[in-house]
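I opened this entry to keep track of what I looked up, beginning with charged side chains and ending with cysteines.

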Amino acid sequence: MSALSLLPVTVSSGSSDTFCFSGSVRTERPDGLEFRMLTLNCWGLKYVSKLREARMHFIANELGTSDADIIALQECWVASDYEFLRRRTHKQYPYAKYFYSGILAGSGLVILSRFPIESVSMTSYTINGRPSAFFRGDWYVGKGIASAIIRHPSGIAIEVFNTHMHAPYGPGDASYVCHRTSQAWQLARQIRAAVERGHLAIAVGDFNSSPDSLTYALLTKRAGLQDSWITVHGTSTEHILPASLSPEKQITTLGVTCDSLLNTWRADRDISEAKRLDYCFHASHLSTVDSVDVTFIDKVPGLNVSASDHFGVSVTLRILPTARSNLASGREQVEEGARPPNLPLANYESILDLIASYLPMARAQQFYRLLHFWMSMVLVVGLHVGTFWVKGGWPAFLIVLASTVIAVTGVTDGMLGFLFGRKELRALKEFEEEVRWEMRRMEELLKGTYEEVGSVGKPK
């Protein structure tokens, strides 16, 4: 499988065919500062996702005639699906990267571009589920941040961050809120670094988080990005309940991308469960948004099913005319890079409370796994001693079988406790200290006891 394609292929200006809910048509502006982003969670898990191959072929064919300039995909987990995708899109998108990560299927993240990709990187999340939750798989696929620096024809460097955060599986511990909050903190740090480098930062993907979450606050306040849906539609619809709208209005008014009754894979959900989980965040000091649409709503011909269990998001962005001159002179790096996060102190306290509530569970998980290990060792020794009183035959076989099973499960749990348990607790401690450090800095800034020197501060 060719993971990175940087061939200088001549491409056409793009088709006018679209699959946006609004039916928008691509039109080029003479200033050359416009570009289009598209993000889609493909639901491409092998053996689990239904009708995966047929749906992925449909998605690939649609992308082959897309008017987007940059495409970010999530859950493209099967190598043959990516290879088919490249065969259908290599003329439209000569630059592409499949990002490797994890132990099993990989990150599932893909970036396609009409414009040259200058550099790429993959950063795994430090807190991302547990290996014991093998039936969920988030830990094994190695979720993280796929980034690509893409050179726009205007000369502006666009740094795209494509991500798929840990999924929620239920209330309480199964919600994994602490994990996603940590992931958003890590992503926000990378975005701020991109802004300091003078890049136009764009964060897209399936964030598995609603607009009222800490994840969303970290991206819009700590990272300093703006939600493209809010840029176009404003905040007047934030308090509208999904249940008060029809499924069609949920999409056009609230930008719903998941658990919509219009999605055949989620048609059994209650209408109140519809939500927006897929986003395109942009740096508003360098760009604005002309339009934003929910895409991939139409059903796959011949199958009468939705293309994925998520809808996509298509955004037309425009680089601000002043951005090019400011970036060339380095002014944006100084002004934006030195600007402190705009995260309210209450959000820092909420994050610390979240970590404090999760730590006892993490410690308990480690304790009981280590307890299982030591108890298993005692039982294994006891069973081996018992063989002295057994003459052979089935009793001896059963004792050996039992001791083997107990030893294997005990050692496995012991390794999880000794290795993963310690790693998770240390990662949580580091996360907590980073939050406390930044919170203290913000308190000092608010009190006027913190002096800014360029982008580095020091107490007075």
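**Salt bridges and cysteines**

I began with a count, and the structure comes to 21 salt bridges. I note at the outset that the model is predicted, and I went through some of the pairs one by one.

Entry one. I looked up Arg114 and found its side chain in a salt bridge with that of Asp69, with 3.4 Å from N to O. Arg114 sits in the loop between β5 (110-113) and β6 (117-124), while Asp69 sits in the loop between α1 (52-63) and β3 (70-76), so this salt bridge ties together parts that are 45 residues apart in sequence. I then checked the accessibility of each partner: Arg114 has a relative accessible area of 9% and is therefore buried, and Asp69, with a relative accessible area of 2%, is buried as well.

Entry two. I turned to Asp290, which forms a salt bridge with Arg318, and I noted that their closest N and O atoms are 3.2 Å apart. Asp290 belongs to strand β12 (residues 287-295) and Arg318 to strand β15 (residues 312-319), and the pair links distant parts of the chain, 28 residues apart. Are these two partners buried or exposed? I wrote down Asp290 as partly exposed, because its relative accessibility is 33%, whereas Arg318 counts as buried because its relative accessibility is 11%.

Entry three. I looked next at Arg369 and Asp413, which form a salt bridge whose closest N and O atoms are 2.6 Å apart. This pair also links distant parts of the chain, with Arg369 in helix α10 (residues 345-386) and Asp413 in helix α11 (residues 394-447), 44 residues apart. I recorded both Arg369 and Asp413 as buried.

Entry four. I asked myself which residues are linked in a network of salt bridges. I found Asp259, Arg266, Arg269, Glu273, Lys275 and Asp309 linked in this way.

Entry five. I closed with the cysteines, and the number of disulfides in the structure is zero. I looked at Cys76 in particular, which is in no disulfide: the nearest cysteine sulfur belongs to Cys42 and is 5.7 Å away, and a disulfide needs the two sulfur atoms within 2.5 Å, which is why I did not count this pair. Cys76 has a relative accessible area of 1%, so I listed this residue as buried. I listed Cys178 as buried too, because its relative accessible area is 4%.

Methods: Residues are numbered from 1 along each chain as its sequence is written. This is a predicted model: local features need pLDDT of at least 70, side-chain atom pairs count only at pLDDT 80 or more; totals for chains, interfaces and linings use all residues. Side-chain values use heavy atoms; hydrogens and water are left out. A salt bridge is a side-chain nitrogen of Lys or Arg within 4 Å of a carboxyl oxygen of Asp or Glu. Helices (H or I, at least four residues) and strands (E, at least two) are DSSP runs, numbered from the N terminus. Buried means under 20% relative accessible area, exposed over 50%, partly exposed in between (1.4 Å probe, protein chains only).
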